2 protein chains.
Amino acid sequence: METGDTLKDLLEDNDLTAVRAWLGTQPPYVIADELARMDALAAVVPFRMLDKDAALAVFEELDPVDQQQILSGLRDKAFRDLIEGMDPDDRARMLGEAPAKVTHRVLSGLSPRERLMTAELLGYPDGSVGRIMTPEVVALPVDITAKQALRRIRVKGGNAESVYTLPIVESGRRLVGVCELRDLVLSDPDTPVAELVDTQVPTARATDPAEDAARLLAEANILNLPVVDSEQRLVGLFTFDDAMEVIEAADTEDAARQAASLPWSGHYMFAGVWQLARSRATWLLLLIVAATLTVTVTRAFEATLEQVTALALFIPLLIGTGGNAGAQAATAVVRALAVGEVRTGDLARVIWRECRVGLVLGAMLAVVGLGVAVIFVDPRVALVVAVSLVVICAWAATVGGSMPLLAKKVGIDPAVVSAPMVTTLVDATGLIIYFVLANAILGL
Amino acid sequence: METGDTLKDLLEDNDLTAVRAWLGTQPPYVIADELARMDALAAVVPFRMLDKDAALAVFEELDPVDQQQILSGLRDKAFRDLIEGMDPDDRARMLGEAPAKVTHRVLSGLSPRERLMTAELLGYPDGSVGRIMTPEVVALPVDITAKQALRRIRVKGGNAESVYTLPIVESGRRLVGVCELRDLVLSDPDTPVAELVDTQVPTARATDPAEDAARLLAEANILNLPVVDSEQRLVGLFTFDDAMEVIEAADTEDAARQAASLPWSGHYMFAGVWQLARSRATWLLLLIVAATLTVTVTRAFEATLEQVTALALFIPLLIGTGGNAGAQAATAVVRALAVGEVRTGDLARVIWRECRVGLVLGAMLAVVGLGVAVIFVDPRVALVVAVSLVVICAWAATVGGSMPLLAKKVGIDPAVVSAPMVTTLVDATGLIIYFVLANAILGL
């Protein structure tokens with residue numbers, strides 16, 4: 001996949017023949033990847049050198065933000081060719097994030113048919129299946145033969161994004177099931193479609209969250225999911241490639257949330273320093289405010305610390321370990337929720353298992369902690385450290401494991417229960433556990 | 001998706017009629033999901049109640065570990081029907097993780113043709129494309145027409161896992177390109193296949209890592225990736241549903257690694273407490289040993305702490321915030337590497353941007369930190385806290401952002417650079433920064 005020179009190098013050398021040669025030999029997704037790594041003004045230059053079909057293929061691989069920037073650099077003719085050629089769902093996705101001015105320019109440049117389809121998709125809520133599905137579907141009636149079905153597909157299939165999954169509908173476009181192109185091709189031409197239709201196929205509602213539909217498609221191993229409205233009428237098809245993009249974006253979002261960053265849809269290398277800082281600042285600021293609790297707790301136990309100053313030595317180790325154990329539990333449960341292994345009803349069972357896991361881990365760590373502590377301090381202080389490790393680990397795992405479920409119960413994305421959030425929470429509570437145990441064991 | 005009673009409830013009530021009714025109405029992936037949530041002995045009972053086709057469909061949805069447990073509960077006839085019906089790639093995946101005894105029982109129960117295909121797949125390295133691809137492909141010669149091609153597909157397509165992507169080969173099965181079933185169906189029957197073939201399609205080598213091939217398939221938006229050997233000869237097809245599973249598993253692994261857990265392929269609710277504890281213990285133990293550095297550092301600066309005991313109050317807040325900022329940077333870069341937005345060659349640029357992001361964040365946090373600290377302590381100590389926040393954040397973001405790239409450079413999975421690892425590293429170094437700054441500013 002790696003070429004010696006990148007597109008950027010070639011452009012900087014102003015070697016337009018080499019640029020043209022490079023563009024002619026690379027597949028669209030590679031070209032799109034290179035363009036996304038350049039800034040918008042520079043990217044328009046090679047983009048204009050692509051022929052009409054290649055331009056469309058490359059354009060469809062770009063993120064909505066990059067698409068808008070390319071569009072703003074194009075003249076009317078090239079602009080219109082491009083947006084008219086796009087699939088309606090890709091167009092709706094781009095416009096969903098575009099300023100009103102761009103939306104207007106795009107919609108007014110379209111043919112009436114394409115404009116209608118795009119406007120319909122834009123009517124669905126952001127992040128819903130309706131926004132992403134393709135409305136261009138070849139639907140078949142149930143009372144024809146395989147041969148007749150293939151003839152219809154030949155006539156109507158040219159515009160459809162996929163003809164591999166063929167929804168079968170009865171009057172009023174009510175969905176009966178789906179038929180696979182594979183079965184139509186492989187079976188005897190006179191077979192009635194009714195014999196080939198799968199009526200148990202899962203469907204999505206156009207207003208469902210796109211991520212749920214994508215996970216359903218992945219779990220059920222199907223190529224395209226028929227999309228219906230509230231009255232089971234066929235409105236479109238949710239395709240596997242869109243599902244893969246949705247899952248990748250959702251996993252990227254979850255990864256960002258897990259580290260207490262706000263998710264955003266840009267490219268890491270393309271984002272400005274301010275943009276990156278903004279996505280991380282909110283939680284860092286909230287968490288530092290929460291962390292002042294640790295100052296209050298430490299202050300409340302200042303007398304304890306002054307009597308046994310050796311206790312201060314182990315504060316970072318104890319709260320660090322507690323934070324780590326809590327982060328492990330939280331991440332495991334967030335992921336298990338995302339892929340459907342855990343449901344909100346499992347709360348009690350999750351608490352019970354994480355509490356035991358935490359005790360087991362705490363016991364192991366206590367052995368190490370005791371060994372380390374006796375090197376540095378009085379054995380009785382070392383005992384405080386060891387016992388604290390057991391209690392803090394059990395507590396941290398329980399908190400970390402249950403918080404994502406509690407978040408989901410109250411309707412918050414469980415992925416916001418980030419490692420830093422759990423760490424900060426366990427820092428303050430872990431200190432209380434440590435000092436209370438110290439007072440008890442050392443008899444202060 | 002939610003049914004009132006789960007399969008488990010029905011079984012516990014011993015209501016076999018209701019179990020049978022439930023099994024008859026649910027799609028295979030829902031049944032598999034319920035079975036995976038039960039223990040092996042209990043799961044065999046409803047599994048035996050499925051008819052032959054349903055049993056196979058459900059079985060193929062299970063994880064390899066669950067598959068083995070179901071298999072061990074089956075008699076010879078049911079056992080043979082099941083494994084003979086599986087696709088060779090699914091069979092190879094299950095056997096890849098099975099004990100030798102199971103492998104022997106499975107292979108010896110197969111027909112010679114199926115045994116050969118399975119054994120060939122098992123010859124590829126674990127985690128490679130070859131292990132997961134389907135070897136049952138309909139390959140077409142380049143010198144026929146669309147109509148002739150469709151006839152061949154009808155004859156040979158019954159066993160193939162997919163007939164939507166048709167590899168076109170010349171003598172010696174050397175790959176020329178692919179043709180889509182869609183194009184064969186939609187074009188005039190007399191069109192030569194040569195006109196429909198796409199020769200620029202990306203391919204995978206059978207020995208490539210499966211994750212790379214899956215990401216390539218997703219990025220290029222294609223349904224199936226032709227798989228070739230070192231001499232460009234066609235050996236199979238890597239299908240979109242396998243790619244989705246590989247990506248989901250890789251993202252689950254990355255999520256686990258990001259929280260310093262060892263990845264394992266089991267179900268969260270199905271795993272034993274010891275199994276969960278084992279996956280988390282290794283890193284926790286390594287990290288607590290590394291955390292003893294914080295004890296050493298604190299001890300080295302004990303004189304400073306004894307002179308200004310107020311400094312101890314802010315230790316958890318400072319190292320906690322530094323850890324959070326480092327974890328954000330590390331997670332962002334790990335994800336950007338996974339989805340291909342950052343390459344190892346970008347190291348210098350990543351360091352430069354993370355350093356600036358850290359400075360910006362540190363400056364914001366310093367304002368809050370100063371405000372909090374002046375409430376509790378002497379303004380000069382508050383100043384130490386504020387300056388430390390700026391330096392620690394810049395340092396943490398730089399370390400967190402560059403470590404995944406350095407790991408990748410030396411051939412380690414960047415996802416092992418976990419939030420807890422960065423946090424622990426930043427704890428010790430953050431303390432040094434804090435105490436050194438305190439000595440300098442307070443003139444100790």
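Start by selecting A:Gln69 and showing its neighbours: setting aside residues up to four places away in sequence, A:Gln69 touches A:Ala40, A:Val44 and A:Phe270. Keep in mind as you go that this is a predicted model. A:Gln69 sits in helix H6 of chain A, which covers residues 64-72. Its relative accessibility is 31%, so A:Gln69 counts as partly exposed. Now add A:Asp39 to the selection. A:Asp39 and A:Gln69 are 30 residues apart in sequence, and their C-alpha atoms are 9.1 Å apart in space.

**Across the chains: H17(A) and H19(B)**

Next, bring up helix H17 of chain A, residues 273-300, and put it beside helix H19 of chain B, residues 315-338. The two axes are 8 Å apart, and the helices pack at an angle of about 155°. H17(A) and H19(B) are therefore roughly antiparallel to each other. Rotate the view a little and look at the crossing of H17(A) over H19(B): it is right-handed.

To see who does the touching, show side chains on both helices. On the H17(A) side, the residues in contact include A:Arg280, A:Leu284, A:Leu287, A:Ile288 and A:Ala291. Across from them on H19(B), look for B:Pro316, B:Leu317, B:Thr321 and B:Asn324, among others. Colour the whole contact between H17(A) and H19(B) by class and you get ten nonpolar, six polar and one charged residues.

**A salt bridge between chains**

Stay on A:Arg280 and select B:Glu354 as well. Their side chains meet in a salt bridge, at 2.8 Å from N to O. A:Arg280 belongs to H17 of chain A and B:Glu354 to helix H20 of chain B (residues 347-376), so the pair joins two chains. Are these two residues buried or exposed? Both A:Arg280 and B:Glu354 are buried.

**More salt bridges**

How many salt bridges are there over all chains? A search of the whole structure finds 28. Here are a few more to click through.

Go to chain B and pick B:Arg215 with B:Asp251. This salt bridge comes in at 2.9 Å, N to O. B:Arg215 is in helix H15 (residues 210-219) and B:Asp251 in helix H16 (residues 240-258), so the pair ties together parts of chain B that are 36 residues apart in sequence. Both B:Arg215 and B:Asp251 are buried. Then hop over to chain A and select A:Glu211, A:Arg215, A:Asp251 and A:Arg335 together: salt bridges with shared partners join these four into one network.

Back in chain B, select B:Asp126 and B:Arg131. Their side chains form a salt bridge too, at 3.2 Å from N to O. Turn on a surface for this one. B:Asp126 has a relative accessible area of 65%, so it is exposed, while B:Arg131, at 14%, counts as buried.

**A covered helix: H3(B)**

Now select helix H3 of chain B, residues 28-36. H3(B) is mostly covered, with eight of its nine residues buried. Among the buried ones are B:Tyr29, B:Val30, B:Ile31, B:Asp33 and B:Glu34. What covers them? Show helices H1, H2, H4, H5 and H6 of chain B, and then add helix H15 of chain A; the cover over the buried residues of H3(B) includes these six helices.

**Two residues with positive phi**

Time for some backbone. Most residues other than glycine have a negative phi. Select A:Asn221, whose phi is near 55°, a positive value. Look for A:Asn221 in the loop between H15 and strand S5 (224-228) of chain A. With a relative accessible area of 24%, A:Asn221 is partly exposed.

Then jump to B:Ala260, where phi is also positive, near 60°. B:Ala260 is in the loop between H16 and helix H17 (273-300) of chain B. At a relative accessible area of 1%, B:Ala260 is buried.

**Last stop: H19(A) and H22(B)**

Finish with helix H19 of chain A (residues 315-338) and helix H22 of chain B (residues 419-442). Their axes come within 10 Å and cross at roughly 165°. H19(A) and H22(B) are therefore roughly antiparallel to each other, and H19(A) passes H22(B) in a right-handed crossing. Show A:Pro316, A:Gly320 and A:Asn324 of H19(A) against B:Pro420, B:Thr424, B:Asp427 and B:Leu431 of H22(B), which make the contact. By class, the residues of the contact between H19(A) and H22(B) come out as three nonpolar, three polar and one charged.

Methods:
Residues numbered from 1 in each chain as written. Chains lettered and ligands numbered in written order. Predicted model: local features only at pLDDT ≥ 70, side-chain atom pairs only at ≥ 80, totals over all residues. Heavy atoms only, no water. Helix = DSSP H or I, 4+ residues; strand = E, 2+ residues; numbered from the N terminus. Buried < 20%, exposed > 50% of the residue type's maximum accessible area, 1.4 Å probe, protein only. Axes fitted to C-alpha atoms, helices over the stretch in contact; angles between N-to-C directions. Parallel < 35°, antiparallel > 145°, perpendicular 65-115°, else oblique. Left-handed = near helix turned anticlockwise from the far one by under 90°. Contact = heavy atoms within 4.5 Å. Nonpolar A, V, L, I, M, F, W, Y, C, P; charged D, E, K, R; others polar.
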